[in-house]
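Load the model and keep the selection panel open. This tour goes stop by stop, naming what to select and what to look for.

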Amino acid sequence: MNLTMDKLVNHCKTVGFVYRGSDIYDGLANTWDYGPVGVELKNNIKKAWWKRFVQESDNTFGVDAAILMNSRVWEASGHTTGFSDPKMDCKECKMRERADNLVEEYCKKHKITGLTPDAMSNEELEKFIEEHKVPCPKCGKSNWTPIRNFNLMFETSRGVTDESQNKIYLRPETAQGEFVNFLNVQRTSRAKVPFGIAQIGKAFRNEITPGNFIFRTIEFEQMEHQLFCKQEDAQKFYEEYKQKAMQFLLDLGFPRENLRYKDHDKLAHYAKAACDIQYLFPVGWEELNGIHHRSNYDLSRHQEFSGKNMTYLDPQTGEKYIPNDIEYSIGCDRLLLATLCNAYDEETLDGGDTRVVMHFHPFLAPYKVAVLPLQKDLNDKAREIYRNLQKHFMCTIDEAGSIGKRYRRQDQIGTPYCLTVDFDTLQDNTVTLRDRDSMEQVRLPLDQVVSYIVEKIQF
Ligand SMILES: [Zn+2]
C-alpha cells in the first residue's frame, strides 16, 4: 500500500483527526486544528511520553513554564540576534523565499553536490544565486533583492503603550523554560545530579517554509527532557538517551527499519555531539527527534545574563560545578504525523471488500472500545454498558447502520475493540468483543470486559 501525504490529509479530515486551521475562512497557512479523535490521539501520545520519561524515571521532574518569558532569556539563549532565516524578495512578483532553500532546490535540480546551503554565509548565498541566475519558483525570473535576515520569533507587546521595552516574544522553543527553572527544581525537589527536567508545551516559529501537513507548523508542541549531569558522565548519558529515544518509538510500534540515527554534520560551537532520529515519512527520511550534548552552555549563559549562580554543590564530594546538559526533544505534532503514517493501512477482506484501518498501539487509540447494539431494542442495554465503560476509558457508541459499516467506521479511527450487544446479552450478561487487527471475536461476561481491555491497552 502506497501512502501519500494527500491521502493521509484527506483521511484525517474525513474522520476528524486533523482539520485545516480557521477552515471556514479558507485557512491560515501552516496551522492545523485537531478534531475529536485527533485530540485524543495527541493527548495519548503526550501521556505515553510523560509516562516513559517522567513517571517511570527515578530522577526526572516535570514543569510547565509560561510561554511568554522575560526578553533577557532570548538574549542569553542567542535567539534575539542569531535566530533568523536569510530571505530574499523577488523584485518581479514580490515572492519572498529563503536564500538557502533557493540554492538547495537549485542544486538538487541540477545535480550539484558538495554544497551545504544552510551552512553558507549570506555573501556566499548571494554570490551563488547571482552567478547561477537562480530563478524565482513562482515567476521564473531571476531578479532578487539582497538577503535580509528575518527573526523567526513571533513578537507581541504587553500593555497598552507601544514602547520597544514592552516587546515580548512567544517562545520559539520550550528548552529555556527548563533552564530558567534549574535552580527552582533542584531546590524544591532536593534533586541530586544527575537529574532531569521534563516539559511538554507549545512553541512558535514565524516560518514561511512549506509545511507538509503537520510536519512543520508555525505553532507546535514539544516534548522535551533535559538531563543535568557531571561533565565526565555526559557522553555516557548522551548514548543512553539515544537508546531510550529509539526504544520509546519501537515500543509505540514503529518498525526499526523505518527509523535511523542521523548525526549532525555541523555542530553549534558549544555542542559536543548531536544526532537526530529520522523516520521514513511518505515524503522521505525526515527528523523526528533530536538528542544533543550541549555541554554546560545554557546554564552558563543564564548565569552570565541573570547574575544568578548556577553552580551545583555535590553533597557527597563537595565538588562545585555547572552541570552539563543532555537534551532530548521530540515534536508532538510530528510524532503524531509519524504515528498516523505508521498506523494507516488499506486491507482487502474476504469477499473483496476493502477497509481502511489505523493500527495504532491500543494505548494511543482515541477510543478504546465502541459499543454497538445489534438491534434497536438493545439500545437501552447498550447505553447502560457504555455509561459504565466511560468511567474507565474513552469509549464511543454507534447505534446506526449495518454492523459491517459500523466496524468500518471504528477501523478508520483505530478503535481496538468493538463490543456488540445482542439478545443473549439480556439473558446471560455476556457480550462479544471484536479485535480491530485480527477481526477475531471473543465472548466475555460483562463484568470481565474492563479488566480485559485495561490489560490490552497498557504501554
Ligand atoms: Zn518572482
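**Stop 1: a helix pair.** Select helices α5 and α6; their crossing is left-handed. The model is predicted. Helix α5 covers residues 99-109 and helix α6 covers residues 122-132. They pack at an angle of about 45 degrees, with their axes 10 Å apart. Angles that are neither under 35, over 145 nor from 65 to 115 degrees count as oblique, and α5 and α6 are therefore oblique to each other. Now show side chains. From α5, the contact uses A99, D100, L102, V103 and Y106. From α6, the contributors are L125, F128, I129 and H132.

**Stop 2: the whole chain.** Zoom out. The C-alpha trace spans about 80 × 65 × 50 Å along its principal axes. Colour by secondary structure: the chain has 15 helices and 23 strands. Of its 459 residues, 34% count as buried. Among contacts with a separation of 6 or more, 64% come from residues 24 or more positions apart.

Next, colour by domain. Domain 1 takes 37-68 + 171-341, domain 2 takes 84-151, and domain 3 takes 367-456. The centres of domain 1 and domain 3, taken over C-alpha atoms, are separated by 39 Å.

**Stop 3: the seven-stranded sheet.** Select β3, β9, β10, β16, β13, β12 and β11, which in that order form an open sheet with mixed pairing. Which strands stand at the edges? They are β3 (60-62) and β11 (259-263). Each has a single partner strand, so one side of each is left without a neighbour in the sheet. On average, neighbouring strands here are turned by 25 degrees against each other, direction ignored.

Go to β10 (residues 219-229) and β16 (residues 324-331). Eight bridges pair these strands in the antiparallel sense. Pick L227, and you will find I326 of β16 opposite. Then add helix α2, residues 36-55. This helix packs on the sheet and touches β3, β9 (195-204) and β10. The direction of α2 makes about 160 degrees with that of β9.

**Stop 4: one residue in β12.** Select I277, in strand β12 (residues 273-281). Is I277 buried or exposed? Being buried takes 20 or more other C-beta atoms within 10 Å. I277 has 21 within that distance, so this residue is buried. Leaving out residues up to four places away in sequence, I277 touches A245, M246, L249, L259, Y261, L288 and N289. For a long view, draw a line from I277 to Y452, 175 residues apart along the chain. Their C-alpha atoms are separated by 35 Å.

**Stop 5: the five-stranded sheet.** Select β20, β19, β21, β22 and β23. In that order they form an open sheet, again with mixed pairing. β20 (395-397) and β23 (441-445) stand at the edges. With a single partner strand each, they have one side left without a neighbour in the sheet. Neighbouring strands are turned by 25 degrees against each other on average, direction ignored.

Focus on β22 and β23: they run antiparallel and are joined by five bridges. T430 has P445 of β23 as its bridge partner. Now add helix α12, residues 379-390. It packs on the sheet, touching β19, β20 and β21. Its direction makes about 165 degrees with that of β19.

**Stop 6: helix α13.** Select residues 403-413. The buried residues of this helix are Y407, Q410, D411 and I413. They pack against α1 (5-15), α2, β18 (354-358), β19 (369-373), β21 (417-421) and β22 (430-435). Finish on G414, just after α13, which takes a positive phi of about 80 degrees.

Key:
Residues numbered from 1 in each chain as written. Predicted model: local features only at pLDDT ≥ 70, side-chain atom pairs only at ≥ 80, totals over all residues. Pairing = 2+ DSSP bridges. Helix = DSSP H or I, 4+ residues; strand = E, 2+ residues; numbered from the N terminus. Axes fitted to C-alpha atoms, helices over the stretch in contact; angles between N-to-C directions. Contact = placed C-beta atoms within 7 Å. Buried ≥ 20, exposed ≤ 12 C-beta atoms within 10 Å, placed from the backbone. Domains from an automatic or database assignment. Left-handed = near helix turned anticlockwise from the far one by under 90°.
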